[in-house]
Amino acid sequence: MIIRRVLFDHPDAVKLNDEVQAEYGVRYGDDGDATHMDPAHFVPPAGLYLIAYDEHGRPLATSGWRTQDSNDEGNLDGDAEIKRMYVTPQARGLGLARRILAELESDARAVGRTRMVLETGAKQPEAVALYTSSGYEPCAKFGYYRFHDLSLCFAKPL
């Protein structure tokens with residue numbers, strides 16, 4: 001697998017984002033994640049967006065981080081927020097999410113971010129298992145869904 005840095009509006013990123021949004025829709029019975037996302041949020045050094053490709057150039061997994069500092073949605077200074085972690089169904093179980101997560105953490109740490117945070121949902125047990133097994137712990141809720149019952153927030157010091 002090859003992991004490449006791309007822009008959030010890269011065609012493969014858009015394709016995978018559409019797929020994850022459809023999956024959120026199935027799991028939660030809605031139109032997907034309504035969190036505001038701007039491609040500029042993922043431009044280094046304020047963020048990063050990654051896609052894992054197979055040997056044939058097919059995009060299989062994606063995620064990114066964006067800078068968050070103290071705000072009215074509950075973030076703290078130094079936060080790096082993970083967004084859109086997704087692995088296509090045919091590539092699940094290959095360790096791609098862990099590889100991407102490690103690269104995101106390393107990059108955020110290198111630019112001075114002090115805490116990696118993420119919001120996921122109670123209907124995403126695979127995500128919860130990935131993050132908790134990677135050292136993330138529950139934290140105070142933040143972000144767009146901070147008042148939703150199914151929202152789960154996690155953090156890990158960098």
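The following exchange goes through salt bridges, burial and cysteine pairs in this predicted model.

User: What makes the contact between lysine 15 and glutamate 19 a salt bridge?

Analyst: The side chains of lysine 15 and glutamate 19 meet with a nitrogen-to-oxygen distance of 2.7 Å, and because the criterion asks for a Lys or Arg side-chain nitrogen within 4 Å of a carboxyl oxygen of Asp or Glu, the pair is called a salt bridge. As for their placement, both residues belong to helix α1 (residues 11-28), where being four residues apart separates them by about one helical turn.

User: Why are lysine 15 and glutamate 19 called partly exposed?

Analyst: Lysine 15 has a relative accessible area of 40% and glutamate 19 has 26%; since partly exposed covers what lies between the 20% limit for buried and the 50% limit for exposed, that label applies to lysine 15 and to glutamate 19.

User: How do you know whether arginine 58 and aspartate 54 are buried or partly exposed?

Analyst: These two residues also form a salt bridge, at 2.7 Å from N to O, but their labels have to be read separately. Aspartate 54, at 6% relative accessible area, is buried, because buried means under 20%, whereas arginine 58, at 47%, is partly exposed, as its value falls between the 20% and 50% limits.

User: What makes the pair of glutamate 105 and lysine 156 a link between distant parts of the chain?

Analyst: The side chains of glutamate 105 and lysine 156 meet in a salt bridge at 3.3 Å, N to O, and the two residues are 51 residues apart, with glutamate 105 in helix α2 (residues 96-110) and lysine 156 in strand β7 (residues 151-157). Both partners count as buried, glutamate 105 at 8% relative accessibility and lysine 156 at 18%, because the cut-off is under 20%. Elsewhere, Glu23, Arg27, Arg92 and Glu126 are joined into one network by salt bridges that share partners, and the search of the whole structure finds twelve salt bridges.

User: How do you know that cysteine 139 is in no disulfide?

Analyst: The nearest cysteine sulfur to that of cysteine 139 belongs to cysteine 153 and is 5.3 Å away, while a disulfide requires two cysteine sulfur atoms within 2.5 Å. Seen from the other side, the closest cysteine sulfur to cysteine 153 is that of cysteine 139, and 5.3 Å is too far for a bond. In keeping with this, the search of the whole structure finds zero disulfides. Cysteine 153 also counts as buried, with 5% relative accessibility, because that value is under 20%.

Terms used. Residues are numbered from 1 along each chain as its sequence is written. This is a predicted model: local features need pLDDT of at least 70, side-chain atom pairs count only at pLDDT 80 or more; totals for chains, interfaces and linings use all residues. Side-chain values use heavy atoms; hydrogens and water are left out. Buried means under 20% relative accessible area, exposed over 50%, partly exposed in between (1.4 Å probe, protein chains only).
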